[in-house]
Amino acid sequence: MTNFDETKTIDAETLWNTPIPPVRWVVPDLLPAGLSILAGASKAGKSWLCLWLCLQIARGGQVWGRQISPQPVLYLCLEDTFNRIQGRLLQIDGEGGSPNLLFQTRSGGIGQGLEAEITTALKHHPGIGLVVIDTLQKVRSVEPSGSAYAADYRDMSVLKQLADAHHICILLVHHLRKQGAEDPFAQISGSTGIIGAADTIWLLQRQRMSPTARLQVTGRDVESRALTLEFNDCVWDLLEETTDRQQAEQAVPAWLWRAADFLAGQAVWQGTASQLLDAAGIDGVQPNQFTRSLVQHYHQVFAPCGLRFASRRTANARLLTFTRDDDDGDDDTVAGSPGGGGIPKTPSSSSSPSFWTRDGNEHGLCVATGQPFAGPGAPGHMGASPNPVALPEAAQ
């Protein structure tokens, strides 16, 4: 098979039928080939992180539980001297370094020799997978006028084209603004042209003098995730790692999974939030807290169980109706009851026993059977579904 040429025009049929090499990972699931940014505040530990990362990749060690294939690395330490680099290297490495890790303390700028220097290094050291430029500002030209966005995007595009052409990762070390922002990634210094052109972004956030930091990772080819790191003996060790999906699951209250488990055992259920909490045996949760979480996490918790949800305001309260996808009953009537008599559409009072059910039960009606729910723990209680839904590990 010939090499796929991304510089040529290709029609959809040919593209559909052409095997294309997969993404090249320098660090699996964290750092793919392309243009990447490592941004953090001054003195946050970015250079220590870069040196350790380069050494692990050059040597073929492990990066936060991921085994790395050894490959040459070029590290442009443009704010340091060889004396300072040696001092750091001696502190983090007791194995004598690696011939695969190459250092430079000077280089040309973008459009002023940098691209030629990197290309030459790639020829002399085949197999280079990572080029680190510490820092981006050191290789940028100063323009007295013009669009900041256009200048940022142009510089980034030059480096991205170089990375894509050679299927390597170019990692740019960059700074944050002094003022904060609601979106953490908006704190990255410069215009949106910088983050817009990058394929992958690492954002290192650390409180001054704190031994721990949070590394947020996002990009075109990576699943967004957050890593909690701890600075030990000049090395950033991994304490915890969670993807966006895992973080979303952890944000779901455990009692919401219990409610879904209960409802999954009913063909149709209708009542108020208070009734549902009582019927499912959930204590310590306010009705408005439940309904807010219900709406917020419906597609994550209830929809996968095949539960449909509707809400409507009556004269005295808000009724919640849950039906399963395999049920065709009328939400406003009791399935199987003579004449279709069901839950009153307009209950008399939220404090009256007749509001809860026609016979005064306080746990709502199972609309499919027309029978009131018993209290939790009572004989005939339907709080446990016949086929309980397995709770996610985070909720157990």
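The exercises below, each with a worked solution, deal with a predicted model.

**Exercise 1.** Determine which strands pair with strand E16, and in which sense they run.

*Solution.* Begin with strand E14, residues 268-271, which pairs with E16 in the antiparallel sense over four bridges. Within this pairing, Val268 has Thr323 of E16 as its bridge partner. Next take strand E15, residues 307-313, which also runs antiparallel to E16 and is joined to E16 by seven bridges. Here Leu307 is matched with Arg324 of E16. Finally, look at the link between E15 and E16, where four residues lie between the two strands of a hairpin.

**Exercise 2.** Decide how many residues of strand E16 are buried.

*Solution.* Strand E16 covers residues 318-324, and a residue is taken as buried when its relative accessible area is under 20%. Five of the seven residues of E16 are buried, and the strand is therefore described as mostly covered.

**Exercise 3.** Explain what the salt bridge between Arg140 and Asp155 ties together.

*Solution.* The search of the whole structure gives 14 salt bridges, and one of them joins the side chains of Arg140 and Asp155 with an N to O distance of 2.9 Å. Arg140 belongs to the loop between strand E8 (130-134) and helix H5 (148-166), whereas Asp155 belongs to helix H5, so the pair ties together parts that are 15 residues apart in sequence. As for accessibility, both Arg140 and Asp155 are buried.

**Exercise 4.** Work out whether Arg225 and Glu241 are buried or partly exposed, and describe the salt bridge between them.

*Solution.* The closest N and O atoms of Arg225 and Glu241 are 2.7 Å apart. Because Arg225 lies in strand E12 (residues 225-232) and Glu241 in strand E13 (residues 235-243), the salt bridge ties together parts that are 16 residues apart in sequence. Arg225 has a relative accessibility of 9% and so counts as buried, while Glu241, at 23%, counts as partly exposed. The pair also belongs to a network of salt bridges that links Arg66, Glu223, Arg225 and Glu241.

**Exercise 5.** Describe the second largest pocket by its volume, its lining and the strand that gives the most to that lining.

*Solution.* The space in this pocket is about 430 Å³. The lining is made up of 21 residues, of which Ala41, Ala44, Arg206, Gln207 and Arg208 are the closest to the centre. Sorted by class, the lining holds six nonpolar, nine polar and six charged residues. Strands E10 (200-205) and E11 (212-219) each supply at least two lining residues, and E11 gives the most, with three.

Definitions and conventions: Residues numbered from 1 in each chain as written. Predicted model: local features only at pLDDT ≥ 70, side-chain atom pairs only at ≥ 80, totals over all residues. Heavy atoms only, no water. 1 Å grid on protein atoms, 1.4 Å probe; cavity = no way out; pocket = protein on both sides within 12 Å on 5 of 7 lines; lining within 4 Å. Points joined across faces, edges and corners; volume = space filled by probe spheres on them. Nonpolar A, V, L, I, M, F, W, Y, C, P; charged D, E, K, R; others polar. Buried < 20%, exposed > 50% of the residue type's maximum accessible area, 1.4 Å probe, protein only. Pairing = 2+ DSSP bridges. Salt bridge = Lys/Arg side-chain N within 4 Å of Asp/Glu carboxyl O.
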